[in-house]
Amino acid sequence: MRASSDPTLGRIENQEEPSPLLPVEMIWLYLVAPLAVAPLLDKDFFTLPLAKSLHHVAAGYLIFFTLALTLHSLYIRVMPGLVRRLRTPLAQGVLHVAVGSGVPLVMVILVIHPLKVRLGAGLQYSMAQDLLVATLISWMFLFPGLIVQRLRNTAAHIERRALLAQRAALEAQLSALQARIQPHFFFNSLNTVASLISENPELAERTLERLAELFRYALDSGKSRFVSLERELDMTRDYLAIQTARYGARLRTHLAVDEQVIGSPLPPLVLQPLVENAILHGMDRREGVSVRVLVRREETWLHIEVIDDGPGPGASEHQGAQTGVKDLRERLRLLYGEQGTLTLEPVPGGGCRARLTLPSGGPPR
């Protein structure tokens, strides 16, 4: 059998993408802020002629847009790498202050003031005033934005770490449950082979070969949370062949599988415990037991039924600890939540039906 390449549930990635330093929504502030700030920057704004007022607004937009483009470009392309290199919050704060003060200075001298003079239609503009306005604008929008995004990043980091811890606990629980299933399966199978050695050595040898395949599958299943239905059915057929070698004509089996669902993903070792239970409890009868495995799909659901004609639920003399069914239910709960179910119900006329229902496309994301 081939080793499964299916992905495990919720594989935890320790590498995190760099968090943004400024809120994405900040860009919208630059569209409306000049209209709100222009009257505050000039006390005579409402008494000026309309043309001059519009020039003041246009000058405000010039400052806002040039600063917005420059600062956002820096904080997207350059600043994340620089901030990660600085170890202390104090050093990072000094860097932000330097950028918030230095960028307006450079932009006013090289871009903003020359453009205002050229486009000012004869209006006089002070470079010192432009520098003061640009610096105030930079600080008024840059530092609150940094604080808001820092709070967002901290909350997102806490939520992400909590999710990773939850997934790690889930992986540990699933691994523990699967480890309990494998020894249970191994010991029962070894007992079957042991009973054949003295009666039929050749059959015991063939059975050991099948058992080796089953062991390989069981060991491989510990590396993956999901396998294809085809692999699970192959393993179940090997298991049934081993049990048929042990019980002979007392065990009658039949598998009916919808070929359309043969590639559906499901947890490993979910079908074998149900078949094992059916055989174990059904063999209370002297005439043996018939076990049928039915697999079909209805819409987005995968239905697997294991039906026997034994004494029925609760009527078997072999009670056992029922750890196989309990552990299987717990695995389904951890993997699928309420979408994965396992029910045991009596069959009219005698017997038990184990009904397993799973999403046909795998577990919910």
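In which sense do β2 and strand β4 (residues 289–298) pair, and over how many bridges? They pair in the parallel sense, over seven bridges. Two strands count as paired here if DSSP finds at least two bridges between them. Strands of a sheet pair through backbone hydrogen bonds, either parallel or antiparallel.

Before we go on, a word on the model. It is predicted, so local features need pLDDT of at least 70 and side-chain atom pairs count only at pLDDT 80 or more, while totals for chains, interfaces and linings use all residues. Residues are numbered from 1 along each chain as its sequence is written, and side-chain values use heavy atoms, with hydrogens and water left out.

**The whole chain**

The protein chain holds nine helices and seven strands. These are DSSP runs numbered from the N terminus: helices are H or I with at least four residues, strands are E with at least two. Of its 365 residues, 42% are buried, meaning under 20% relative accessible area with a 1.4 Å probe, protein chains only.

**Spans from the record**

The unreviewed UniProt entry annotates residues 21–41, 61–78, 90–112 and 132–151 as "transmembrane region". Such annotations may be inferred rather than shown by experiment. Here are two of these spans:

| Residues | Helix | Strand | Distance between end C-alpha atoms |
|---|---|---|---|
| 90–112 | 100% | 0% | 31 Å |
| 132–151 | 100% | 0% | 29 Å |

**The sheet and its helices**

Now back to the strands. Five of them form an open sheet with mixed pairing, in the order β2-β4-β5-β7-β6. At its edges are β2 (251–257) and β6 (341–346), each pairing on one side only. Where β2 meets β4, Val257 has Val295 as its bridge partner.

Which strands does α7 touch as it packs on the sheet? The helix touches β2, β4 and β5 (301–308), and its direction makes about 165° with that of β2. Contact means heavy atoms within 4.5 Å; angles run from 0 to 180 degrees between N-to-C directions, using lines fitted to C-alpha atoms, for helices over the stretch in contact. Helix α8 (residues 271–282) lies across β2, β4, β5, β6 and β7 (352–359), and runs at about 150° to β4.

You can check the length of α7 yourself. The expected span of a helix is 1.5 Å times one less than its number of residues. The 19 residues of α7 (residues 229–247) should therefore span 27 Å, and the end C-alpha atoms are 26 Å apart, which agrees. After α7 comes Gly248, with a positive phi near 65°.

Terms used: Buried means under 20% relative accessible area, exposed over 50%, partly exposed in between (1.4 Å probe, protein chains only).
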